[in-house]
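User: I would like to go through how the labels on this model are justified. Please set each value against its definition.

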Amino acid sequence: DFSKIEAGKLDILKTDYYLSKLLTDVVRGIQIKADSKKLKFHVSIEETLPSVLRGDEIRIRQILNNLLSNAVKYTHEGTVTFTVKANEMQEEFALCISVEDTGIGIKPEDLEKLFDGFQRLEEQKNRNIEGTGLGLNITKQLVELMGGTIEVKSEHGKGSCFTVTIPQQIMDETAIGKIESAYQRDVSKTEEEKFKLYA
């Protein structure tokens with residue numbers, strides 16, 4: 001991905017997708033990681049969000065997985081909070097996603113280096129944590145390729161909060177409602193669509 005971005009060859013491929021399925025898949029994967037570290041994992045998803053959006057579902061998954069995995073990775077005790085809502089600041093619809101943790105935080109002088117390629121902050125202190133240090137650089141570039149923004153607020157020793165805003169096109173305005181029931185509904189719809197394709 002990094003090489004493709006550097007060469008300007010990474011394309012954003014837009015498709016229609018069920019928002020509840022994307023979010024539930026991501027949440028289930030991160031819940032396992034949080035449980036293994038005995039962290040609390042709070043999820044707050046606005047029930048009025050549209051059920052079907054158009055955008056690059058694979059890249060959005062990648063962004064969410066990276067931010068949430070980092071939050072779990074760098075939090076040794078406490079809570080990771082995942083919030084998804086509509087961004088009401090713009091005329092066009094945008095997903096507003098925030099990932100907040102009670103982890104190690106980032107020093108003020110390191111914040112400006114945070115999105116640099118191959119950057120591992122506090123190398124000595126975090127030497128037991130796996131990773132190339134490329135995740136946030138790729139995440140930032142993917143967000144920007146989709147016309148979005150990424151911001152970070154952090155206090156060293158207390159935690160960090162990453163906020164990502166990504167414009168998406170609404171394909172079905174029906175509200176997703178409670179995420180668990182929406183997931184069941186949308187999975188069965190997806191199976192029906194597959195059946196129609198093969199019938």
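User: What makes strand 5 and strand 7 (residues 159-167) a pair?
Analyst: Two strands pair if DSSP finds at least two bridges between them. Strand 5 and strand 7 have 7 bridges, in the antiparallel sense, so the criterion of at least two is met. Serine 98 stands opposite threonine 163 in strand 7. The model is predicted: local features need pLDDT of at least 70, side-chain atom pairs count only at pLDDT 80 or more, and totals for chains, interfaces and linings use all residues. Residues are numbered from 1 along each chain as its sequence is written, and side-chain values use heavy atoms, with hydrogens and water left out.

User: Which strand does strand 4 (residues 79-86) join, and over how many bridges?
Analyst: Strand 4 is joined to strand 5 by 7 bridges, running antiparallel. Lysine 85 stands opposite cysteine 96 in strand 5.

User: Why is strand 5 (residues 94-101) called largely enclosed?
Analyst: Buried means under 20% relative accessible area (exposed is over 50%, partly exposed in between; 1.4 Å probe, protein chains only). In strand 5, 7 of the 8 residues are buried, so the rest of the structure largely encloses it.

User: How do you know that the length of helix 2 (residues 19-36) agrees with expectation?
Analyst: Helices (H or I, at least four residues) and strands (E, at least two) are DSSP runs, numbered from the N terminus. The expected span is 1.5 Å times one less than the number of residues. For the 18 residues of helix 2 that gives 26 Å, and the end C-alpha atoms are 26 Å apart, so the two agree. Among the buried residues of helix 2 are Leu22, Val26 and Ile30.
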